[in-house]
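Before reading on, take a moment with the sequence and the model below. The paragraphs that follow go from the whole chain to a pocket, and then to single residues.

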Amino acid sequence: MANKKQELKQKQANELAERITKRVQKIKERRGHYALLSDFGLPERQKELKKHAIQENLKRFESLLPKIKGLIKTIKEKYVPHIWEQNAITASYLLTSKAYGDLETLISFAKQGKNFEIIELARSGQESLDLAFLFLESNQEANLANWFRGEIIPNRVAREALHNAINSQSSNLESLPMYDVKTYIHGIYSLYTHSSYSALLDT
C-alpha cells in the first residue's frame with residue numbers, strides 16, 4: 001500500500017508539473033491577446049456561449065434539488081427525532097444536510113462564474129458525504145465518538161473505508177483502486193483549497 005501511495009503521489013506531481021508548463025507556455029504565446037486584436041468581440045461571444053452551456057446544465061441540476069431535499073427531510077422525520085442524539089444516523093443526517101447546503105451554494109456560485117469557489121465547495125461537500133458513509137460502516141464506533149467530541153477525522157480514513165467496503169463486495173480477483181481514485185480527486189480539490197500556483201493559473 002505504501003508503494004502504491006508513493007507511485008500515485010509521484011504520478012500526480014508529474015501531471016501537475018506538465019500542466020503548469022503547458023499553461024505558462026500558452027500564456028507566453030499570447031494567443032488570446034492576438035485573437036483579441038483581430039476580433040474584439042471574440043471574448044464576449046465565447047463568454048456568452050460558455051454561460052449558456054453552464055445555465056443549461058444548472059437547470060438540470062436544480063430540477064433534482066427538490067427530490068434530494070425531500071429525501072433528506074424523510075431521513076430526519078423517520079430516523080432523527082432529536083439532532084442532539086449522538087449516533088451514526090444523526091451524524092450522517094447532519095453531514096448530508098451540510099453537503100446539500102454546499103450544493104445549493106455551489107449552484108449559486110456557478111451562475112456567477114465563480115469557478116474557484118465552486119471547487120472548494122465541491123471538496124467540502126464530498127468530504128461531508130465521505131464521513132457520512134464512514135460512520136454508517138461497521139466497526140467505526142471509535143471514529144464516530146471522536147467526531148462527536150469535536151475531533152477532525154482525516155479524509156483518508158473515509159477513503160480507506162470506502163476502498164475496503166467496495167472490494168469486500170467485489171467478485172473480481174484484482175482489487176478495485178477505489179482509494180487511489182478518491183485520493184487523486186481529493187488531490188485536485190486540494191490544489192484549489194490551498195491556493196496552489198496551478199489552480200490560480202486556471203482562474
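The model shown here is predicted. One residue serves as a first stop: S195 has a relative accessible area of 43%, so this serine counts as partly exposed, since that class covers the values between 20% and 50%. S195 sits in the loop between α8 and α9, the latter spanning residues 197-202. The backbone of S195 has a phi near 50°, which is a positive value in a residue other than glycine. Most residues other than glycine have a negative phi.

A second residue of this kind is N139. Its place is the loop between α5 and α6, where α6 covers residues 141-148. N139 is not a glycine, yet its phi is positive, at about 65°. Is N139 buried or exposed? With a relative accessible area of 67%, N139 is exposed, because the value is over 50%.

Now step back to the whole protein. Which kinds of secondary structure does the protein have? There are 9 helices and 0 strands. Read from the N terminus, the order of elements is therefore α-α-α-α-α-α-α-α-α. The radius of gyration is 21 Å, whereas the globule rule gives 17 Å for 203 residues; the protein is therefore more spread out than a compact globule. Along the principal axes, the C-alpha atoms fill a box of roughly 65 × 45 × 35 Å.

Surface and contacts add to this picture. The protein exposes about 13,800 Å², and 58% of that area is supplied by carbon and sulfur atoms. Of the 203 residues, 27% are buried. Among contacts with a separation of 6 or more, 63% are between residues 24 or more positions apart.

The next topic is empty space. Rolling a probe the size of a water molecule over the atoms shows where such space is left. The second largest pocket holds about 320 Å³. It is lined by 16 residues, and the closest to its centre are A99, Y100, L103, G125 and L129. Three elements give two or more residues each to this lining: α3 (42-79), α4 (88-111) and α5 (115-136). Which of the elements supplies the largest share of the lining? That is α4, with 6 residues. Sorted by class, the lining of the second largest pocket consists of 12 nonpolar, 3 polar and 1 charged residues.

Helix α4 also contains S92. The relative accessibility of S92 is 7%, so this serine counts as buried, the cut-off being under 20%. Which residues does S92 touch, leaving aside those up to four places away in sequence? S92 touches A132, F135 and L136.

The last stop is V181, in helix α8, which runs over residues 178-193. At 41% relative accessibility, V181 falls between the two cut-offs of 20% and 50% and therefore counts as partly exposed. V181 can also be compared with R159 in two ways. In sequence, V181 and R159 are 22 residues apart. In space, the C-alpha atoms of V181 and R159 are 9.3 Å apart.

Note on methods: Residues numbered from 1 in each chain as written. Predicted model: local features only at pLDDT ≥ 70, side-chain atom pairs only at ≥ 80, totals over all residues. Heavy atoms only, no water. Helix = DSSP H or I, 4+ residues; strand = E, 2+ residues; numbered from the N terminus. Buried < 20%, exposed > 50% of the residue type's maximum accessible area, 1.4 Å probe, protein only. 1 Å grid on protein atoms, 1.4 Å probe; cavity = no way out; pocket = protein on both sides within 12 Å on 5 of 7 lines; lining within 4 Å. Points joined across faces, edges and corners; volume = space filled by probe spheres on them. Nonpolar A, V, L, I, M, F, W, Y, C, P; charged D, E, K, R; others polar. Rg over C-alpha atoms; globule rule 2.2 N^0.38 Å. Contact = heavy atoms within 4.5 Å. Areas by Shrake-Rupley, 256 points an atom, 1.4 Å probe, with all protein chains shown as cover.
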